[in-house]
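Got the model loaded in your viewer? Keep the selection box handy and we'll walk through it stop by stop.

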Amino acid sequence: MLADAIDASENCELAFAIDIHKQAALNIATTTHAEPYVGDLAQLLQQRSQDIDAVVVNTPNDQHAQHASAAISAGKHLLIEKPLALTSETAGRLHDQARSSNTLLMVAHTFRFMPAIRQVRRALDAGELGRPGMLRIHRWLPLSTDSSSGWENDTKRSGGLAIHESIHEIDQALWLFDGHPNQVHAVAAPNHIQIHLGFPSGAMAIFNVMAGLPSGEGYYALTLIGSLGSAYADDHHNMQLVYRGGRPEAFATYQHALGVNAQIEEFSAAITQQRQPNPGAPDAIAAIKIAEATNQSVLTGESVRMPADDHAYE
């Protein structure tokens, strides 16, 4: 989907489709205008550097740090799938590397760009919902039976459910609340995790993510309750509702594809305008730190207190 979004954009061009597997590279190349390349990213950057301005990394999580470092070392701007890295320490090093080399680093937290969720953020920014108090997100994912994506079911490679999947919900909470939690509590069962974030303002966020749905396409639903109104969004080809009293407003969209397209446009605009993309590395690092606290809470059965200073998340 990323490749299609780049190919469809008027602001950038997909020059190369690179993969270590020939057929995978050819599959992307045949549906876009890209040149297929079979091999290592660092090798391509060395051979064809003059033809490349930026790199988009969409590889297994345990390869993110290696490929990100290769792109940054070559002086190329980078859009990388979440998570930025498997640990906040590694993510911090990549952030430092990008800053020192003056390259832009954007992390693909795609849910921020889904139209229904952006509508919720616009309502917040306009003051229509008042002060946010309660965020509730449910996400159910079908059980993966694709052997080619087996790394997703390997905790050492994916980072587990908190790092690989729930980081989406964590990022949405940080973005919608414009701040960081001071308390994290989580419980988990096979293919399921529930996370509770408490914020200094008294606001809270609760997420349920289940990755073992036996059939179907999966489901996502978000509810945000503020002091003046509430908003609801989902991605299941249903109507998205915004309620502020009186008659609810509704609209329907194909969420994920539009979100990916908007994400690519933000990345290309940041390069053209020579500004930091949103979301950047600091937001991605904060999300990983909270995911790490989530895993700690699951392991100990206790809540984890988080730093009160926002700078501690950088």
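Start by selecting Gly 75: sitting just after α4, Gly 75 takes a positive phi of about 75 degrees. Helices (H or I, at least four residues) and strands (E, at least two) are DSSP runs here, numbered from the N terminus.

Before moving on, some housekeeping. You are looking at a predicted model, where local features need pLDDT of at least 70 and side-chain atom pairs count only at pLDDT 80 or more, while totals for chains, interfaces and linings use all residues. Residues are numbered from 1 along each chain as its sequence is written, and side-chain values use heavy atoms, with hydrogens and water left out.

**Zoom out for a second**

Show the whole cartoon: the protein has 10 helices and 14 strands. Of its 314 residues, 48% are buried, where buried means under 20% relative accessible area, exposed over 50%, and partly exposed in between (1.4 Å probe, protein chains only). Contact means heavy atoms within 4.5 Å. Taking the contacts with a separation of 6 or more, 64% are between residues 24 or more positions apart.

**The helix before that glycine**

Now select residues 64-73, which is helix α4. Colour His 64, His 67, Ala 68, Ala 70, Ala 71 and Ile 72, which are buried. What covers the buried residues of α4? Turn on α3 (41-47), β3, β4 and α5, which are among the elements that do so. Together, β3, α4 and β4 form a right-handed β-α-β unit; right-handed means that, with the strands pointing away from you, the path from the first strand over the helix to the second runs clockwise. Helix α4 lies across β3 and β4, and runs at about 170 degrees to β4. For such angles, axes are lines fitted to C-alpha atoms, for helices over the stretch in contact, and values run from 0 to 180 degrees between N-to-C directions.

**The sheet**

Next, pick β3, β4 and β5: these 3 strands form an open sheet in that order, with parallel pairing. β3 and β5 (105-108) are at the edges with a single partner strand each, so one side of each has no neighbour in the sheet. Neighbouring strands here are turned by 15 degrees against each other on average, direction ignored. Strands count as paired if DSSP finds at least two bridges between them, and β3 has 4 bridges to β4 (residues 77-81). Label a couple of the facing residues: Val 56 stands opposite Leu 79, and Val 57 has Ile 80 as its bridge partner.

Select β3 (residues 54-57) alone and look at its two faces. Val 55 and Val 57 make up the covered face, while Ala 54 and Val 56 are on the uncovered one.

**His 77**

Stay in β4 and click His 77. Is His 77 buried or exposed? With 18% relative accessibility, His 77 counts as buried. Its side chain reaches the backbone nitrogen of Leu 104 at 3.0 Å, a polar contact (a pair of N or O atoms within 3.5 Å; within protein, one must be able to donate a hydrogen and the other to accept it, and residues adjacent in sequence count only if both atoms are side-chain atoms). Leaving out residues up to four places away in sequence, His 77 touches several others, among them Asp 53, Asn 102, Phe 267 and Ile 271.

**A loop stop**

Go to Ser 49, in the loop between α3 and β3. Ser 49 is partly exposed at 25% relative accessible area. Measure over to Lys 76 in your viewer: the pair is 27 residues apart in sequence and 8.8 Å apart in space, C-alpha to C-alpha.

**Two helices side by side**

Bring up α5 (residues 88-101) and α10 (residues 281-300), whose axes come within 9 Å and cross at roughly 170 degrees. That makes the two roughly antiparallel (under 35 degrees is roughly parallel, over 145 roughly antiparallel, 65 to 115 roughly perpendicular, the rest oblique). Residues meeting there include Ala 91 and His 95 in α5, and Ile 285 and Ile 288 in α10.

**Backbone oddities**

Most residues other than glycine have a negative phi, and most peptide bonds are trans. Check these against that:

- Lys 82 to Pro 83: a cis peptide bond, omega near -10 degrees.
- Asn 278 to Pro 279: also cis, with omega about 5 degrees.
- Asp 178: a positive phi of about 55 degrees, in an exposed residue at 58% relative accessible area.
- Asn 191: phi near 65 degrees, in the loop between β7 and β8 (192-198).
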